[in-house]
Amino acid sequence: MEKLTFKIEEFEGPLDLLLFLIQKHKLDIRDIQITQLLEQYLAYLDAVQREDLEVASAFLEMASRLVYLKTVMLLPRRQEEGRQLKEELQGQLLEYQVCKLMAAQLERQNQGALVFVRRPQQLEADHSYQLRHPASVLYAAYQDAVGRGRRRLPPPARAFSALVSRRVVSVDSRIIHLLKGLYRTGTASYESLFADSRDRGELVATFLAVLELVKAQRITLEGEQVHLERRPRQAKVSAISGREEETK
């Protein structure tokens with residue numbers, strides 16, 4: 001729904017009315033007599049209301065503003081505040097007066113079909129970067145750009161040094177190692193099988209070796225003890241697979 005607006009005769013707003021009263025009674029806009037201006041303003045609003053015309057709230061708000069300004073200027077301790085309010089009102093009136101003059105001049109130009117157009121000018125392109133940024137922002141941008149450039153390159157050799165330098169432990173070597181120990185003792189605790197493992201790779205290889213020996217029925221697990229299963233001489237364990245092969 002379109003918002004309704006009100007207009008008192010030819011006045012567009014309270015500043016327009018004040019400017020009309022100042023010009024009509026030949027008051028100095030740079031040194032307004034607030035008391036005289038207030039009386040004329042209220043008299044005009046009263047005449048409008050007697051004609052049963054509706055007054056917009058902006059006009060009533062300006063009336064209360066003028067009353068407050070007059071009251072402040074009469075108080076000795078608040079004359080400074082009154083002076084500031086008066087200067088603010090005078091500045092608004094001067095600015096509004098300039099706007100009305102410019103609007104009237106533009107209207108006359110449009111009526112006379114006078115149009116002033118400036119020809120386009122050739123401007124030189126300025127490719128220099130004019131903005132200024134904190135050092136932290138520039139450093140973050142540099143790091144981001146360097147990171148994108150590095151992601152396009154193959155990884156350096158040092159990225160694989162940790163993998164290449166690790167010792168490879170085979171399951172077959174751990175099977176032979178466990179069998180040698182059990183041949184001497186015949187039995188051992190489960191934890192003792194991992195006692196001489198020096199790193200994670202050797203621990204994993206030892207665990208897989210135990211599983212292979214249990215699967216081949218070369219050892220048995222009873223609780224926390226590991227027992228070696230004695231086999232005939234014709235049976236031997238392959239050092240490669242850990243599985244038994246029958247000799248011919």
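Hi everyone. Let me begin with a definition: a residue is called buried when its relative accessible area is under 20% and exposed when that area is over 50%. With that in hand, look at helix H8, where Arg-200 and Lys-215 are exposed. I'll come back to the other side of that helix in a moment.

First, some background. What you see above is a predicted model, so let's start with confidence. The mean pLDDT of the protein is 76, and 75% of its residues reach 70 or more. Where is confidence highest, and where is it lowest? Helix H8, residues 200-215, comes out highest at 88, while strand E5, residues 244-246, is lowest with a mean of 41. Two stretches keep a pLDDT under 50 throughout. One is residues 1-7, for which the model has three contacts beyond four places in sequence. The other is residues 232-248, with 26 such contacts in the model.

Now the overall layout. The protein has eight helices and five strands. Starting at the N terminus, the order is α-α-α-α-α-α-α-β-α-β-β-β-β. Of the 248 residues, 25% are buried. The accessible surface is about 19,500 Å², and carbon and sulfur atoms hold 55% of that. If you take the contacts with a separation of 6 or more, 57% are between residues 24 or more positions apart.

Back to H8, as promised. With 16 residues at 1.5 Å each, H8 should span 22 Å, and its end C-alpha atoms are 23 Å apart, which agrees. Which residues of H8 are buried? They are Glu-202, Ala-205, Thr-206, Ala-209, Val-210 and Leu-213. Looking down the axis of H8, these buried residues fall within an arc of 145°, so they line one face of the helix. Their packing partners are helix H7 (171-185) and strand E2 (219-222). As for the two ends, Asp-199 sits at the start of H8, with a side-chain oxygen within 3.3 Å of the backbone nitrogen of Gly-201. After H8 comes Gln-217, which has a positive phi, near 60°.

Let's cross over to H7 and pick out one residue there, Arg-174. Is Arg-174 buried or exposed? Its relative accessibility is 7%, so Arg-174 counts as buried. The side chain of Arg-174 also makes a polar contact of 3.1 Å with the side chain of Glu-202, and Glu-202 is one of the buried residues of H8. Beyond four places in sequence, the contacts of Arg-174 include Ala-205, Thr-206 and Ala-209, which are also among the buried residues of H8. Leu-193, Asp-196 and Ser-197 are among the other contacts of Arg-174.

Next, a strand residue: Ala-188, in strand E1, residues 187-189. Ala-188 has a relative accessible area of 17%, so it is buried under the 20% cut-off. Its C-alpha atom is separated by 5.3 Å from that of Val-226, although the two are 38 residues apart along the chain. Setting aside neighbours within four places, Ala-188 is in contact with Leu-182, Glu-224, Gln-225 and Val-226.

Last stop, helix H1, residues 14-24. How many of its eleven residues are buried? Eight are, which leaves H1 mostly covered. The buried set is Pro-14, Leu-15, Asp-16, Leu-17, Leu-18, Leu-19, Leu-21 and Ile-22. H1 is followed by Lys-26, whose phi is positive, near 55°.

That's my tour. Thanks for listening, everyone!

Terms used: Residues numbered from 1 in each chain as written. Predicted model: local features only at pLDDT ≥ 70, side-chain atom pairs only at ≥ 80, totals over all residues. Heavy atoms only, no water. pLDDT = per-residue confidence, 0-100. Helix = DSSP H or I, 4+ residues; strand = E, 2+ residues; numbered from the N terminus. Contact = heavy atoms within 4.5 Å. Expected span 1.5 Å × (residues − 1). Buried < 20%, exposed > 50% of the residue type's maximum accessible area, 1.4 Å probe, protein only. Arc of directions from axis to C-beta. Polar contact = N/O pair within 3.5 Å; in protein donor to acceptor, adjacent residues only side chain to side chain. Areas by Shrake-Rupley, 256 points an atom, 1.4 Å probe, with all protein chains shown as cover.
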